[in-house]
Each structure stands twice: as C-alpha cells, then as structure tokens.
Amino acid sequence: AATIAEHDVEVVEAKWELNLDVIGQVIAGAVMLAHESPRHRLIRQTVVVGKSDDSALEWVCAKRGIRVVQLDLP
C-alpha cells in the first residue's frame with residue numbers, strides 16, 4: 001500500500017489477441033487495485049497482445065485510456 005501511495009503504477013494484462021476479456025481483465029485489475037489501496041496515485045492500464053486486428057476494440061481501449069502494445073511475433 002505504501003508503494004502504491006508513493007508511486008504511479010501500471011496494471012498489465014498480456015494475451016495472445018485483443019478481445020473483450022483482456023479489456024475487462026485490465027479494467028477489473030485496476031479497479032481492484034484502487035479499491036485495495038485508496039491512497040493510490042495514477043494507475044495506468046496496458047494490454048500486451050500478440051495480435052490486434054479489431055479497430056473497434058482498439059477504439060474502446062483508447063477511449064478508456066488503455067494502452068495497447070502489439071508484439072511483433074514471427
């Protein structure tokens with residue numbers, strides 16, 4: 001709790017592809033962290049995916065402030 005009160009933190013969810021589940025998981029993780037640590041500072045949300053080909057879901061992430069990082073996998 002002391003670390004979260006003194007520093008910005010980032011919740012990262014990693015999955016093979018961007019979908020509703022990964023978006024929900026990163027949001028739920030950030031909300032639960034905020035609830036458990038009421039003195040929190042900034043909580044960033046990031047999803048790391050192997051592929052992302054759904055512009056609508058990317059738009060939802062952008063609107064929610066969720067950063068999407070797509071790995072360049074072979």
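Which residue of β2 stands opposite V12? In this predicted model, the residue opposite V12 is T46 in β2. Residues are numbered from 1 along each chain as its sequence is written, and local features need pLDDT of at least 70, side-chain atom pairs count only at pLDDT 80 or more, while totals for chains, interfaces and linings use all residues. Side-chain values rest on heavy atoms, with hydrogens and water left out.

The pair V12 and T46 is a good place to enter the sheet. Helices (H or I, at least four residues) and strands (E, at least two) are taken as DSSP runs, numbered from the N terminus. Three strands form an open sheet in the order β1-β2-β3, with parallel pairing; two strands count as paired if DSSP finds at least two bridges between them. The edges are β1 and β3, each of which pairs on one side only. Neighbouring strands of this sheet are turned against each other by 20 degrees on average, direction ignored; for such values, axes are lines fitted to C-alpha atoms, for helices over the stretch in contact, and angles run from 0 to 180 degrees between N-to-C directions. As general background, strands of a sheet pair through backbone hydrogen bonds, either parallel or antiparallel.

Strand β1 covers residues 9–17 and pairs with β2 in the parallel sense over eight bridges. The chain passes from β1 through helix α2 (residues 20–36) to β2, and this β-α-β crossover is right-handed, meaning that, with the strands pointing away from the viewer, the path from the first strand over the helix to the second runs clockwise. On the other side, β2 and β3 (residues 66–70) are joined by five bridges, again in the parallel sense. Here T46 appears once more, with R67 as its bridge partner in β3. A right-handed β-α-β unit is also made by β2, helix α3 (residues 55–64) and β3. Strand β2 itself (residues 43–51) is mostly covered, with seven of its nine residues buried; buried means under 20% relative accessible area, exposed over 50%, and partly exposed in between (1.4 Å probe, protein chains only). Q70, found in β3, is partly exposed at 45% relative accessibility. The C-alpha atoms of Q70 and V47 are separated by 8.4 Å, and the two residues are 23 apart along the chain.

Charged side chains add further links. The structure holds five salt bridges, each defined as a side-chain nitrogen of Lys or Arg within 4 Å of a carboxyl oxygen of Asp or Glu. Side chains of opposite charge can pair when their charged atoms come close. One of the five joins R41 and D8, at 3.3 Å from N to O. R41 lies in the loop between α2 and β2 and D8 in the loop between α1 (2–6) and β1, so this pair ties together parts that are 33 residues apart in sequence. D8 also meets R44, at 3.7 Å from N to O, and links its loop between α1 and β1 to strand β2, 36 residues apart. D8, R41 and R44 are thus members of a network of salt bridges. These residues are partly exposed, with relative accessibilities of 33% for D8, 43% for R41 and 40% for R44.

Another salt bridge brings together the side chains of E10 and R67, at 3.4 Å from N to O. E10 belongs to β1 and R67 to β3, 57 residues apart, which places this contact between the two edge strands. E10 is partly exposed at 36%, as is R67 at 48%. R67 is the residue already met as the bridge partner of T46.

A nonpolar surface patch is made by W16, L71 and L73, with an area of about 320 Å². Patches are built from residues with over 30% relative accessible area and no salt bridge, like charges being joined within 9 Å and nonpolar side chains (Val, Leu, Ile, Met, Phe, Trp, Tyr) within 5 Å. Accessible areas come from the Shrake-Rupley method with a 1.4 Å probe, and for residues only the protein chains shown count as cover. Within this patch, L73 sits in the segment after β3 and is partly exposed, at 39% relative accessibility.
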